[in-house]
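Biologist: Before we start, could you take me through this model slowly, giving the reason behind each term you use?

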Amino acid sequence: MQRIAIVDPSESSREALRTLLLGVDFVWLEAECARYEYFPDVIAQSNPDLVIIQMDSDRNKSLMLVNQIAQQYPKLSILTACSDSNSLLQSLQKGAKHFLTPPISLEDLVSILRKALNESSTSISGQVSVQGSSGNIISILGSRGGVGCTAVAVNLAATFQSQGNNQVALLDLDLALGDADVALELPANEMFSLADLARNIERLDMNFLRRAMIKHPASGVSVLRHPLELNEIGIVHEGHVERILNLLRISYSHLILDLSKSLLPTDQMGLRLSDMILVIAQLELSSLRNVVRLLHSLGNEGGMNDKIQVVLNRVGSEYQEEGITIKKAEEVIGRPIYWQIPNDPKPLMAARIDGTPLIKHAPKAKLQQNFTHLTQLLSGKPIENETKKRGWFS
Ligand SMILES: Nc1ncnc2c1ncn2[C@@H]1O[C@H](COP(=O)(O)OP(=O)(O)OP(=O)(O)O)[C@@H](O)[C@H]1O
Ligand SMILES: [Mg+2]
């Protein structure tokens, strides 16, 4: 945890900055000061890793302060905030390393803090979100109803969550009929949903957001539910999804999106912000035909094509249509199948009834092992068991 000290004679902007900082989980607000002239003493006592100087109350005094601190503590990161761009420029000349222009948004603050703290010589805490780039967003998109999106999204999320320091959030963007909260049974008194966040989007900060993320007790996956009432669906717009995802990726290592099959603007925003899109298909005509349509239409949008991978689900089930082999499917869709998931209804059904993911309910099931290997592939790691891999993965 990195320690921060701030100075700002204005009560109101100091309070706003304090609220923002309280929402950033990798920094600790060690000291606040209301007078520029006392700030050097505050620094000497609190020994912060980074200081923020809000300059608007007295630009000359604050510039002198920047100069003094830069001389006295050459290794300390100094961040200035001011509504006057000339003063900001002068503060950089006097030794500030970074600046912010009010009004300060949480996104701007976090990205500057990350940059500043990564540059400083002090070691960074164990937070995943701080160490690397921001969280990975993986969208799960179906090629028709019932193809297995929710099963894949939930179990992928729980498998990632079980690994290392990962912090995983599952977002149910199937606004009308989503059922991620059935597969992961959530505490009955926790009723927050995407609609509550959309309603409060203007005052959305990290604390509010964290309250809306409901932790599934057994797996530790944080779930953002679809709107609970059908008449709330219209409240959620693509702009809400954009802001929520951008904020969440600050705190989580992985965001898994269970998308609707309607390709609504909210789904499209999810796809746009995703690092990876897994299109779930089965070996039958209507699913494969839709994969072709999806690849064609999404592929036309800049940057989307490279992110899409096709995953075959329920391989080996009796629902597969005769004569449609994997080779044939690859010919039809014009690209290799990225991953195959076997048909394994029993443990999946039992896990769903129990409201827990496979990794908790049946960790030894072949389906769970397949999900573990899929997370390894998605993380760019070697897949543990080559024999098993060859069986499922072409
Ligand atoms: N690999 C699998 N093996 C066996 N059964 C599976 C597998 N994947 C999914 N299923 C089953 O298929 C059914 C549909 O799965 P799921 O609800 O995950 O699909 P979906 O694409 O999210 O559906 P919807 O269109 O309703 O959102 C469920 O009964 C689920 O248990
Ligand atoms: Mg579903």
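Modeller: What follows goes from the ligand to a helix beside it and then to the strands, and throughout we are speaking of a predicted model.

Biologist: What makes a residue count as part of the shell around ligand 1, and which residues come nearest?

Modeller: A residue counts as near if its C-beta atom, placed from the backbone, lies within 6 Å of the ligand. There are 20 residues around ligand 1, and Gly 145, Gly 148, Cys 149, Thr 150 and Ala 151 come nearest. Helix H7 (149-161), strand S12 (308-315) and helix H15 (345-354) are the elements that give two or more residues to this shell, and H15 gives the most, with four residues. By kind, the shell divides into eight nonpolar, seven polar and five charged residues.

Biologist: How do you know that the length of H7 agrees with what is expected of its 13 residues?

Modeller: The expected span is 1.5 Å times one less than the number of residues, which for the 13 residues of H7 comes to 18 Å, and because its end C-alpha atoms are 18 Å apart, the two values agree.

Biologist: Why is H7 called largely enclosed by the rest of the structure?

Modeller: A residue is buried if 20 or more other C-beta atoms lie within 10 Å of its own. In H7, 13 of the 13 residues are buried, and therefore the helix is described as largely enclosed.

Biologist: What makes S2 and S5 the edges of their sheet?

Modeller: The sheet is open and has five strands in the order S2-S1-S3-S4-S5, with parallel pairing. Strand S2 (27-33) and strand S5 (98-100) each have a single partner strand, so one side of each is left without a neighbour in the sheet. Neighbouring strands here are turned by 25 degrees against each other on average, direction ignored.

Biologist: How do you know that S4 and S5 pair?

Modeller: Pairing needs at least two bridges between the strands. Strand S4 (residues 77-81) is joined to S5 by three bridges, and the two run parallel, with Thr 80 standing opposite Phe 99 in S5.

Biologist: Why is strand S7 called mostly covered, and which residues point each way from it?

Modeller: Six of the six residues of S7 (residues 168-173) are buried. Val 168, Leu 170 and Asp 172 point one way, whereas Ala 169, Leu 171 and Leu 173 point the other way, and all are buried. Six bridges join S7 to strand S10 (residues 254-259), and three join S7 to strand S9 (residues 222-224).

Key. Residues are numbered from 1 along each chain as its sequence is written. Chains are lettered from A and ligands numbered from 1 in the order in which they are written. This is a predicted model: local features need pLDDT of at least 70, side-chain atom pairs count only at pLDDT 80 or more; totals for chains, interfaces and linings use all residues. Ala, Val, Leu, Ile, Met, Phe, Trp, Tyr, Cys and Pro count as nonpolar, Asp, Glu, Lys and Arg as charged, and the others, Gly among them, as polar. A residue is buried if 20 or more other C-beta atoms lie within 10 Å of its own, exposed if 12 or fewer, and partly exposed in between; C-beta atoms are placed from the backbone. Axes are lines fitted to C-alpha atoms, for helices over the stretch in contact, and angles run from 0 to 180 degrees between N-to-C directions.
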